[in-house]
Amino acid sequence: MLEVDQIEKSFPQPDGSRTTVLEQVSLTVKEGEFFTLLGPSGCGKTTTLRSVAGLETPDTGRIGVAGTDFFNSRRNVFVPARARRIGMVFQSYAVWPHMDVHDNVAFPLKVMRPKLRSEEIRKKVRRALETVHLAEYEHRPATRLSGGQQQRLAMARALVMEPRVLLLDEPLSNLDALLRETMRLELRRLQREAGITTIYVTHDQVEALALSDRLAVMNRGKIVQVDDPRELYHRPQSSFVAGFIGVSNLLTTTAKSDTAPGEIGAVEWRDQTLLAVMPRGSRQGAQMVLSVRPENISVTQVNGSVPQEGISGQSNILLGNVAESQFLGNLTDVLVQAGGEELRVYGSPERVLSVGDRVSMEAPHDACLALPAE
Amino acid sequence: MLEVDQIEKSFPQPDGSRTTVLEQVSLTVKEGEFFTLLGPSGCGKTTTLRSVAGLETPDTGRIGVAGTDFFNSRRNVFVPARARRIGMVFQSYAVWPHMDVHDNVAFPLKVMRPKLRSEEIRKKVRRALETVHLAEYEHRPATRLSGGQQQRLAMARALVMEPRVLLLDEPLSNLDALLRETMRLELRRLQREAGITTIYVTHDQVEALALSDRLAVMNRGKIVQVDDPRELYHRPQSSFVAGFIGVSNLLTTTAKSDTAPGEIGAVEWRDQTLLAVMPRGSRQGAQMVLSVRPENISVTQVNGSVPQEGISGQSNILLGNVAESQFLGNLTDVLVQAGGEELRVYGSPERVLSVGDRVSMEAPHDACLALPAE
Amino acid sequence: MQSEQTLTKPDMTTRSSDPAGRLLGTLGRIRPIPLVLFVILLLLTALPLASVILASFRPLGLPLSDGWTLDHFSSIWSDAYTYRLIGNTFVFAGCSTALALVIAGALAWLIERTDLPGRGFFMAVIVMPMATPPILLAIGWVLLMSPAIGAIPKVLDLLTGGLMPEIPMYSLGGMIWVQSLAMVPTSFLILAPAMRNMDPSFEEAAFMSGASFWQTLRRVSLPFLTPPILSLVTLLFIVCMLSFDVPAVIGMPGNVAVMSSEIYNLMHPSTGLPDYGKTAALNSSLLVLLVAALWLYYRSTKQTERFRTISGKGYKATRFSLGRFRWLAIGGVSLYFVLAALLPFLALLWVSLAPYYSGFSLDLVPQLSFNSMIGTFTRDRVWTSTVNSVVVATTCAVGLSVLSLLLGWTIVRSRSRLSRALDIMSMVPIAIPHLMMGVALIFIFFSFRFLPLYGTIWIIALGQLIIYLPVGSRMMQAAVIQLHSELEEAGEMSGASNFQIIRRILVPLVRGTLVGLFIWIFVHSFREFSVAAMLQSGRNDVLSTVLYSYWESGQPDAAASIAVVMMVVLCLSVVLGRMLGASEGR
Amino acid sequence: QDLETQTLEEVAQAAQEEGTIVWYESIPLEEAEEVMNDFLADYPDLEFNYVTVGGSQRLARVTQESLGGGPTADVLTDVAGSVMMMADRGFVRAVDWEKLGVEPGSENAPNEYMLRTNAAVYVTLYNTNLVDEADVPKTYDDLLDEKYTGQWGTWARPNGIVNLLPAWGEEQTREYVEALAETRPTLYRNPQAAAEAVGAGEIAMAHFEPYHTALPTIEKGAPVAVAFLEPVPVASLYGYLPEFAEHPNAGKLFLSWLASPEGAASVERATGRGSPFSPGTEMSATMEGMEVSTLTAEEESGRADEIGALENEIAEMLRGH
Ligand SMILES: Nc1ncnc2c1ncn2[C@@H]1O[C@H](COP(=O)(O)OP(=O)(O)OP(=O)(O)O)[C@@H](O)[C@H]1O
Ligand SMILES: Nc1ncnc2c1ncn2[C@@H]1O[C@H](COP(=O)(O)OP(=O)(O)OP(=O)(O)O)[C@@H](O)[C@H]1O
Ligand SMILES: [Mg+2]
Ligand SMILES: [Mg+2]
């Protein structure tokens with residue numbers, strides 16, 4: 001449906017040089033799909049999105065929807081934003097403060113050519129407002145809405161003109177934690193009901209995982225990996241992705257032997273030999289990053305008998321001391337000092353670990369991924 | 001150490017009337033304690049903090065540190081902010097963009113009377129920057145720092161004058177998710193190392209639970225409950241606190257009999273009788289809010305035999321249909337439609353529940369709290 | 001979204017339990033800075049205002065004279081002519097304001113919101129015409145456009161072979177044209193920051209909604225800029241009603257009478273006293289208008305704040321890409337520069353070089369010489385008055401910058417009733433014509449003889465400081481509003497006193513505006529002659545009064561020579577100032 | 001007020017002690033300096049403090065200063081009406097001019113408050129390139145010719161026409177102005193601007209222009225020439241001595257010098273303003289035998305309001321209302 005083909009974009013710098021912000025970015029988003037662009041701040045997500053919207057012109061490449069070119073540097077095609085029929089929700093919402101709720105939503109219909117009858121406009125606005133549960137606020141000034149309501153208003157404005165594609169730029173980042181969770185659910189429901197092809201930009205991986213059909217991880221202007229949420233979470237292809245999606249402990253290790261992709265192999269970390277899955281294989285002596293997620297590590301206080309470090313049955317075992325322990329309500333976030341590095345593990349909220357406690361950490365081999373170092 | 005005694009504050013409205021923003025707010029913060037003010041947006045947290053700082057003058061009440069009055073409406077005492085020796089980190093960081101890192105931190109020392117020798121200033125600034133790990137950025141313009149670095153700079157500036165009390169107003173709310181977690185740990189470490197009495201303001205309950213020795217929950221200008229994190233999480237005294245701290249499912253029920261405080265009693269919810277702890281007791285027929293946290297509910301797909309709804313052994317059991325399921329990486333956030341209401345439960349990330357699946361939810365009686373309705 | 005919070009900041013330490021201490025405590029809560037400012041403004045504005053109002057009830061029209069009368073009011077308001085004047089005035093003021101707004105708005109948009117190449121350069125170019133006193137701008141345009149002798153009609157005539165219809169320069173249209181050109185730089189200086197601070201995503205959202213450029217402009221951008229535009233409109237409108245340079249030079253020959261040329265007539269009778277009584281009565285009536293305008297202004301600024309809080313965090317300045325229109329844009333900006341600065345400058349240069357006052361003519365070219373320019377600048381008086389002008393302008397600029405900074409800060413940060421009063425008082429001088437201000441100051445300094453300022457250059461500086469107070473106060477308020485108050489509060493929490501906060505935090509942060517304001521005042525003070533003429537005595541001649549006296553006594557070449565040099569020097573200082581402000585003001 | 005009755009010698013003596021003369025006038029400093037230098041050649045021990053303030057602003061300023069009790073200028077000049085207005089308030093010194101050597105009974109010293117020093121002679125200026133020698137108007141009726149419609153201009157303040165009153169009377173003056181207004185004059189904010197417009201060729205002629213305004217333009221080579229129409233309207237200017245002067249004797253000394261033929265000649269040399277009433281001036285030679293119409297001091301001050309109203313009315317008529 002939406003194709004982005006090898007777009008590149010550079011910006012002039014104050015000193016006269018140019019920085020490349022997008023490098024060979026290619027994407028394909030399917031009809032009705034909820035597609036997310038995820039990456040750290042400054043990686044080029046917004047620039048990609050704005051290029052699709054037509055608010056930014058890439059230097060080279062091609063952007064097309066359903067076969068029509070919106071931008072094609074080779075054929076010198078550029079369709080301006082207002083003619084693309086793409087809805088967009090801005091990070092700042094950009095709700096017009098001088099209009100009330102109704103007028104904000106009606107605007108895209110009012111500027112439409114051929115003109116719609118005012119009756120029809122009213123009907124469509126009402127429908128859009130109902131979709132986002134704002135019908136009762138129709139005549140309130142836009143400035144008198146709370147953050148979450150503004151966000152839904154921006155959504156209604158983007159949806160009312162029945163766009164071909166919907167673009168969302170970090171719509172939740174201005175909301176507080178509770179509201180953010182509620183809105184996340186709402187958003188997903190809306191998108192599914194409208195069945196609209198959506199590109200969502202965020203740097204919050206929880207949001208990305210929760211919402212997306214597929215997601216692309218970007219880093220420094222490049223797309224690093226495109227996959228569905230579970231795949232990305234469980235089978236990251238680089239330590240960058242492993243570290244960025246969810247919380248991961250990343251340990252620098254050395255491969256002890258050659259291993260084929262997907263097999264379990266041995267790595268050495270600070271004199272300990274550990275076993276891990278090698279998704280992309282390895283050569284002996286290669287630097288590998290061992291990635292283990294906190295929720296896969298079970299942590300127990302060491303009282304009497306001290307367990308053996310290293311490989312034990314189907315698991316790797318490490319010993320350490322609690323450096324920090326934070327109660328988060330439904331779990332305890334524990335930092336364990338082990339071999340000079342700090343590992344993050346989750347304790348259950350009931351079991352209280354205090355700073356300085358000696359603990360053993362156990363993680364199954366197949367939950368340990370050895371990824372090529374970058 | 002720090003006492004806030006029955007302060008009240010109202011603001012004039014545009015129409016000439018006054019709105020009361022703080023009502024009878026009283027707090028006691030102990031020496032070296034990390035104390036948090038938590039509450040929804042607009043509840044008066046910032047106003048309280050600013051009153052302590054001396055940036056806002058309450059209408060009545062008393063504020064004192066270690067026996068000295070900073071403000072006392074009865075004795076007409078008001079010590080201005082600059083004479084209170086209180087450090088403050090603002091939500092916007094308020095890092096001065098026209099100074100470099102060094103000058104930002106040196107400012108409080110430079111305006112100090114009697115004057116410090118410049119050598120001494122340099123030494124103290126260095127020490128403060130080292131504490132926040134910014135020593136290497138000493139001569140960088142403050143505008144060229146990332147969000148997290150700016151936040152640490154603001155911290156160093158607040159700490160450098162060795163204040164009696166440190167006030168932090170949502171210092172993390174401008175940071176992205178990953179940085180926020182890192183900075184949370186950092187903050188706690190800094191506070192502990194400096195041993196400084198701290199008041200922290202936030203509307204993010206995860207932050208509040210993670211950081212605080214004790215916390216006060218505010219709502220609409222009043223303090224609702226003051227307790228340590230675990231106590232607040234596990235024994236909220238009102239449905240407001242239960243809903244605000246962590247995620248909670250709140251069901252409106254009716255007490256079936258009189259119950260003494262702390263006992264287990266029966267409540268009725270949509271024709272179902274459920275058992276729950278009654279922390280504050282109840283009278284028969286009283287409206288009660290049943291609060292159950294998602295992590296205390298175990299959810300299983302119903303395949304063959306349909307379990308009985310209601311009380312079963314030590315648990316309450318409810319049936320429902322999956323309305324929404326969001327993969328969050330380390331768990332799955334599931335919305336279950338049951339008896340016309342939506343309940344939030346956590347599924348394990350491996351077990352995949354699809355929308356429409358019939359599920360049973362089981363929660364132990366002692367994890368269900370029946371709280372007085374408000 | 002963080003709402004801006006206003007603070008009431010107590011400024012004095014008091015700690016005591018005894019009754020005396022309690023009294024001190026109460027006093028301590030009264031903020032000294034607003035109070036001091038209040039007293040200063042009372043002296044600076046309420047006294048002149050009082051003397052104007054007083055004058056309107058005196059038979060002679062001079063505040064110190066005796067007797068009471070209502071004749072001035074009744075003779076004005078019973079005369080049908082007054083109403084005709086008001087009609088004309090509204091057309092003149094309304095159209096000039098609108099045209100200035102359109103030009104300044106387009107320029108500000110091009111500079112602040114598009115990728116126009118060479119923006120820094122053009123920015124300096126746009127404010128350059130500020131260096132031209134409006135009376136010279138008007139005379140320059142007469143030389144350019146007068147139907148009989150103007151250079152432009154002659155050229156057009158040649159080009160079109162005589163088919164070009166006559167363009168009536170001595171007309172309402174001509175007045176509006178010149179008056180709006182004169183007001184563009186100030187309008188630009190006020191509009192540009194407003195545009196700079198507008199979150200572009202509001203407009204982008206309109207594009208994404210399918211709106212065209214014009215639809216977006218009309219339905220999103222303009223409503224958005226309503227508050228600054230409204231406040232600018234009130235400012236410009238009143239300036240138009242009072243400025244008589246253009247109406248006197250262009251309106252009078254064209255037989256277009258407006259309120260300000262009526263004031264000019266009242267102030268310049270052939271014999272006898274200027275009719276201060278009627279003038280004062282006209283102005284007292286104007287004050288009513290001013291109050292209405294201020295009320296409008298407050299309504300609009302209240303909205304400004306509402307608008308400001310809504311802009312979110314993800315704000316990034318994106319510039320509108322001009323694409324192939326960029327050459328058109330460059331052409332437009334250049335054309336403005338040619339019309340507003342270059343052509344009038346050339347016209348005056350011509351006058352300074354020509355043997356006698358005359359329109360452009362090839363016949364006179366062989367007779368052009370630098371004699372009068374050299375002659376003018378070898379006169380001692382020109383040099384002493386230049387030194388005086390520099391001292392006066394500098395004093396006025398320094399004094400008013402400091403005062404405006406304190407005022408802007410106090411008015412924005414403490415929204416007590418006192419600061420509201422400060423704001424209104426700082427706007428008052430705009431309703432007092434410059435000549436009246438001179439008379440008022442004579443009145444004041446004869447009433448306060450212990451201040452031996454009368455007859456010195458300092459009184460001129462003071463007079464000009466008062467008349468430019470409204471602009472100073474407005475500009476600094478706009479600058480302070482953009483600062484998050486927490487930046488200053490952080491200083492307070494660091495233990496800094498108010499003075500330290502102002503010097504070490506506020507001043508560096510508003511440096512750009514401060515430099516801009518300084519230049520603005522310097523240039524305007526340098527070129528102002530009404531107040532200066534009224535207050536000068538033998539040894540406090542300033543350059544502008546010398547220029548004016550040459551002009552009015554048959555030495556246009558000498559006057560134009562001074563004007564040409566003055567324009568070049570002022571232009572350079574404007575450009576220099578902008579560069580300073582731009583490079584160090586972030 | 002007491003009549004001051006020193007002789008010139010006594011005044012000169014006292015002036016020596018005061019040392020300074022404060023003079024407010026509208027001419028540029030350079031021109032004033034020539035006059036002052038001529039004066040100082042006779043009285044070298046004095047010095048000047050010269051202040052340029054134009055026309056009515058000067059009167060306003062002196063009034064305001066006098067209301068405040070001074071100090072103000074030592075010497076001033078103005079039309080008779082203004083001087084008498086000041087005198088009525090007690091702001092003008094009364095002087096026995098005879099004692100100072102002024103001829104008794106002459107119109108040059110109409111009363112104890114003022115001494116005629118100069119006069120504005122109203123003439124017609126024309127651009128020699130635009131007006132043929134043959135077309136130069138010779139009588140006031142020539143001005144009404146339709147062919148000059150839109151071709152001429154004048155000062156917006158018709159002070160010259162007002163001085164035709166003694167010759168024509170009110171009714172005839174009004175009728176004439178009515179006819180004149182038909183030819184649509186261009187009105188300038190001051191006579192100087194009108195003179196320059198003639199030089200520049202913007203208008204062909206300017207009527208009722210003070211003679212001296214034409215001189216700088218003519219001197220610089222502009223194609224401007226002067227035509228005297230009879231009766232020639234002349235407005236007398238009188239010097240007077242403010243009550244609150246700081247140096248009354250110095251002022252008196254200077255004023256009597258200004259009124260003397262020597263002074264009048266000096267002023268004419270410096271500024272081009274010559275008085276037809278002062279025998280030593282070129283102007284009096286030029287106007288020898290011409291019919292003159294001028295309001296006497298008595299008329300001017302006695303009928304000040306009436307004349308002012310008429311002037312406004314004429315101005316309105318010229319403006320086309
Ligand atoms: N108009 C511009 N001029 C110069 N550089 C720009 C411009 N727009 C973006 N950049 C740079 O391009 C890079 C990518 O920016 P972009 O806004 O796409 O990042 P992002 O991934 O959306 O980040 P965030 O999560 O912080 O919003 C950044 O380094 C930014 O500084
Ligand atoms: N200067 C003021 N004038 C009028 N009302 C004010 C002022 N300052 C705060 N308020 C009001 O007081 C209430 C409490 O504000 P406060 O800033 O203390 O809330 P908060 O708990 O810090 O909220 P947030 O989490 O959004 O920062 C709000 O309703 C706010 O609108
Ligand atoms: Mg972005
Ligand atoms: Mg707050």
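Trainee: How do you know whether chain A and chain D touch?

Mentor: Contact means heavy atoms within 4.5 Å. The nearest C-alpha atoms of chain A and chain D are 48 Å apart, and the two chains do not touch. Chain B and chain D also have no contact, with their closest C-alpha atoms 46 Å apart.

Trainee: What should I know about the model before going on?

Mentor: It is a predicted model, in which local features need pLDDT of at least 70 and side-chain atom pairs count only at pLDDT 80 or more, while totals for chains, interfaces and linings use all residues. Residues are numbered from 1 along each chain as its sequence is written, chains are lettered from A and ligands numbered from 1 in the order written, and side-chain values use heavy atoms, without hydrogens and water.

Trainee: Which pair of chains has the most contacts?

Mentor: Four pairs of chains touch, and chains C and D have the most contacts among them. In that pair, 63 residues of chain C are in contact with 53 residues of chain D.

Trainee: What makes an area count as buried between chain C and chain D?

Mentor: Buried area is the accessible area (1.4 Å probe) that two parts lose on being put together, summed over both. Chain C and chain D bury about 4,700 Å² between them, and 52% of this is on carbon and sulfur atoms.

Trainee: Why is the pair C:Arg379 and D:Glu30 called a salt bridge?

Mentor: The term asks for a side-chain nitrogen of Lys or Arg within 4 Å of a carboxyl oxygen of Asp or Glu. The closest N and O atoms of C:Arg379 and D:Glu30 are 3.5 Å apart, so the pair meets the rule. Between chain C and chain D the count is three salt bridges.

Trainee: How many residue pairs are in polar contact across the interface of chain C and chain D?

Mentor: There are seven such pairs, with both residues at pLDDT 80 or more. A polar contact is a pair of N or O atoms within 3.5 Å; within protein, one must be able to donate a hydrogen and the other to accept it, and residues adjacent in sequence count only if both atoms are side-chain atoms. Elements that give two or more residues to the side of chain C that touches chain D include helix H4 (80–113), helix H18 (434–447) and helix H25 (556–584) of chain C. H18(C) gives the largest share, five residues. Helices (H or I, at least four residues) and strands (E, at least two) are DSSP runs, numbered from the N terminus.

Trainee: How does the side of chain C that touches chain D divide by residue type?

Mentor: It has 37 nonpolar, 17 polar and nine charged residues. Here Ala, Val, Leu, Ile, Met, Phe, Trp, Tyr, Cys and Pro count as nonpolar, Asp, Glu, Lys and Arg as charged, and the others, Gly among them, as polar.

Trainee: What does the interface of chain A and chain B take from each chain?

Mentor: The contact takes 37 residues from chain A and 36 residues from chain B. About 3,300 Å² is buried between them, with 55% from carbon and sulfur atoms. A:Leu185, A:Arg230 and A:Phe327 supply 21% of the area that chain A buries against chain B, more than any other three residues.

Trainee: What makes A:Arg184 and B:Asp333 a salt bridge?

Mentor: Their side chains meet at 3.9 Å, N to O, and that is within the 4 Å limit, so the name applies. Across the interface of chain A and chain B there are three salt bridges, and five residue pairs are in polar contact. H5(A) gives the most to the side of chain A that touches chain B, with nine residues. That side divides into 18 nonpolar, six polar and 13 charged residues.

Trainee: Why is the space lined by A:Glu181 and B:Glu181 called a cavity?

Mentor: On a 1 Å grid over the protein atoms alone, a cavity is a set of points where a 1.4 Å probe fits but cannot get out, and lining residues have an atom within 4 Å of a point. The largest cavity holds about 1,000 Å³ of space, a volume being the space filled by probe spheres set on points joined across faces, edges and corners. Its lining has 36 residues, and A:Glu181 and B:Glu181 are among those nearest its centre. The largest share of the lining, five residues, comes from H5(B). The lining divides into 15 nonpolar, seven polar and 14 charged residues.

Trainee: Which helix gives the most to the lining of the second largest cavity?

Mentor: H10(C) does, with five residues. About 670 Å³ of space lies in the second largest cavity. Of its 29 lining residues, C:Val239, C:Ser243, C:His434, C:Tyr468 and C:Arg527 are the closest to its centre. The lining is made up of 20 nonpolar, six polar and three charged residues.

Note on methods: On a 1 Å grid over the protein atoms alone, a cavity is a set of points where a 1.4 Å probe fits but cannot get out, and a pocket is an open set with protein on both sides within 12 Å along at least five of seven lines; lining residues have an atom within 4 Å of a point.
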